[in-house]
Amino acid sequence: MRLLVLGGTAFLGREVARAGLARGHDVVCVARGSSGQVADGARLVRADRDDPAGGLGGVEDEHWDAVVDVARDPGQVRRAVAALADRSAHWGFVSTGNVYADHSVPGADESTPLLEPRDVGGEDPDAYGGAKVACERAVLDALGADRVLVARSGLIGGPGDTSGRTGWYPWRFAHPAAPGQVLVPDDPSAPSQVLDVRDLADWLVRCGEEGVAGVVDAVGPTTTLADLLAVSREAAGPAATEVDAVAADPAWLSEQGVDAWMGPRSLPLWLPFPEYAGFAARRGDAAHGLGLTHRPLAETLRDTLAWEETRPADQPRRTGLEDDDERALLAAWHARRGRP
């Protein structure tokens, strides 16, 4: 199969290229090349998709068995489908669960109403969901529903997760800021869904091979924050069995300015807001019916930690707490509870 990856030099795009190569396909990646290298064995075609007149480096003159696109800019997507719709047998578009207008219901599915489409590019987080809706419509309008897989992904994790979300707790249990203690939110039943990037990538390639079409939520298995923390400690190795997870009240953490989900000075993968009660608890049955499978969470977190250990020690983390900050928060929490 001839597989075209629009992207291919960053997290998911690079993993899609790797999956295609592992399955014996001819893989070409279209990207500026500024985010990193393509997978070994893939061919990089340099092109700037932000340039309306720049084209796609000549790949629009070739025929493709499958295309995978991860773009978030509707203009980029419209230009790509205009150039490639007649030259592509199958199109896999990676969208997001952020397209939904309501995240409050655990177990919701693809029937949930969508946001209004927004014709906005760039990195504006407030426009992200609406922009992805516009991208989905552009692909479906150009190719038709029988040639398109729209994968509305949940949280994607695993090796290479530069957001730091899935690697934080395994890494922190392996490297506690305070001896024998790791600060966590006291929200053990909070839902958690981690989709291993390798599982998503392999499935996208298989769907291209088989011409699988549909609009589905591609999410990881639903578990709880308590389970995720337990598996994180296990992934951190035998020494982490002596490390306590110190559970602090979420309201108190918020008062201290500790953010939820991701970002600097945060504790990731928890959302203590009723309006997001279902954000990490979508059903996912439709994607599983189309062949999406999952490796054990322990494997994902263990491999993510191994990748985290290769990162430069002086590289700023995008998610989590600085050591001094976490030690101060632990001391303040113990003092509040009257403990030394």
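Of the protein's 340 residues, 51% are buried, where buried means under 20% relative accessible area, exposed means over 50% and partly exposed covers what lies in between (1.4 Å probe, protein chains only). Keep in mind that this is a predicted model: local features need pLDDT of at least 70, side-chain atom pairs count only at pLDDT 80 or more, and totals for chains, interfaces and linings use all residues. Residues are numbered from 1 along each chain as its sequence is written, and side-chain values use heavy atoms, with hydrogens and water left out.

**Overall build**

The protein has ten helices and 15 strands; these are DSSP runs numbered from the N terminus, with helices being H or I of at least four residues and strands E of at least two. Its C-alpha atoms fill a box of roughly 70 × 40 × 35 Å along the principal axes. The radius of gyration is 21 Å, which agrees with the value near 20 Å for a compact globule of 340 residues. That radius is taken over C-alpha atoms, and the globule rule is 2.2 Å times the number of residues to the power 0.38.

Among contacts with a separation of 6 or more, 76% join residues 24 or more positions apart; a contact means heavy atoms within 4.5 Å.

**Cysteines**

How many disulfides turn up in a search of the whole structure? Zero, taking a disulfide as a pair of cysteine sulfur atoms within 2.5 Å. Here is how two of the cysteines look:

| Cysteine | Relative accessible area | Closest cysteine sulfur |
|---|---|---|
| Cys 29 | 0%, buried | Cys 207, 18 Å |
| Cys 135 | 0%, buried | Cys 29, 19 Å |

The sulfur of Cys 29 can't bond to Cys 207 because 18 Å is too far, and the 19 Å from Cys 135 to Cys 29 is too far for a bond as well.

**The end of helix α9**

Helix α9 covers residues 297-308 and includes Glu 308. Glu 308 counts as buried because its relative accessibility is 3%. Leaving aside neighbours within four places in sequence, Glu 308 touches Gly 164, Gly 167, Trp 171 and Arg 317.

Trp 307 also sits in helix α9, but this residue counts as partly exposed, at 23% relative accessibility. With neighbours within four places again set aside, the contacts of Trp 307 are Pro 159, Gly 160, Asp 161 and Thr 162. Pro 185 is 122 residues from Trp 307 in sequence, and their C-alpha atoms are 25 Å apart in space.
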